[in-house]
Amino acid sequence: MNRFKVIILFLLLLPTLTAAQKKGKKPSLPAAFNHARYVYVEAVDGEEFNPNLYPADRIAIADLKDAIHAWGRYTLTFEREKADLVFVVRKGRLASTRAGGDINDDQYPLGGPLGGQQGGRGPGPQRAGGPSRGVGGEVGLDDDLLKVCQFNRDGKLSGPLWIHSFANGLNAPRLILFAQLKDEVEKTYPIVPAGPPAKP
């Protein structure tokens with residue numbers, strides 16, 4: 001068999017080899033993202049209306065809920081135990097302390113690529129009215145965090161199905177972390193539009 005015939009044979013087999021490679025490739029996200037209908041949003045430190053929740057986390061929950069609602073792929077639920085997926089947020093903070101009220105040394109970057117944009121909530125955290133109760137301290141990363149979990153059989157959250165962190169990644173209006181997740185879900189599990197109704 002001469003070289004010309006080998007090249008022709010290779011070109012004829014190339015589409016078959018490519019299709020086989022694609023067929024065997026595992027999706028980058030678990031199938032739970034494809035089958036889920038209901039989602040719940042909370043912070044690492046608790047639920048949205050927990051009086052001890054950091055105000056910046058509460059804002060991040062509200063912003064993420066707005067983004068999920070606008071996306072329209074999943075339905076928000078107020079009943080945590082009915083959620084197929086649980087989105088968990090944490091605004092970045094280097095160090096913070098609370099004692100009978102809020103005394104914070106939170107180091108949020110002001111301005112930056114997201115802080116000064118119009119349409120958002122402005123640079124830095126915006127605190128909700130009213131003091132928080134309790135005594136606590138925390139040291140952590142200054143990047144924002146978004147992770148997606150499911151419930152185990154014992155009712156506790158599983159290890160994350162997806163987790164990313166990014167500086168100011170939960171700042172509105174861009175919500176970079178959510179945009180990354182949304183893009184990955186849509187690429188891995190695109191929604192096929194319904195075809196035209198069958199003729200009678």
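User: In this predicted model, what makes the pairing of aspartate 57 with arginine 93 a salt bridge?

Analyst: The closest N and O atoms of aspartate 57 and arginine 93 are 3.0 Å apart, and a salt bridge requires a side-chain nitrogen of Lys or Arg within 4 Å of a carboxyl oxygen of Asp or Glu, so the pair qualifies. Aspartate 57 lies in helix H3 and arginine 93 in the loop between E3 and E4, so the contact ties together parts that are 36 residues apart in sequence.

User: Why are aspartate 57 and arginine 93 called buried?

Analyst: Buried means under 20% relative accessible area; aspartate 57 has 0% and arginine 93 has 1%, and therefore both names apply.

User: How do you know whether aspartate 45 is buried, partly exposed or exposed?

Analyst: Its relative accessibility is 34%, and because the partly exposed class lies between 20% and 50%, aspartate 45 counts as partly exposed. Aspartate 45 also forms a salt bridge with arginine 93, with the closest N and O atoms 2.9 Å apart, and Asp45, Asp57 and Arg93 are thus linked in a network of salt bridges.

User: What makes lysine 187 and aspartate 183 a salt bridge, and why is lysine 187 called exposed?

Analyst: Their N to O distance is 3.4 Å, which satisfies the 4 Å limit, and both residues lie in helix H5, 4 residues apart, about one turn of the helix. Lysine 187 has 63% relative accessibility, and because exposed means over 50%, lysine 187 counts as exposed, whereas aspartate 183, with 38%, is partly exposed.

Notes: Residues numbered from 1 in each chain as written. Predicted model: local features only at pLDDT ≥ 70, side-chain atom pairs only at ≥ 80, totals over all residues. Heavy atoms only, no water. Buried < 20%, exposed > 50% of the residue type's maximum accessible area, 1.4 Å probe, protein only. Helix = DSSP H or I, 4+ residues; strand = E, 2+ residues; numbered from the N terminus.
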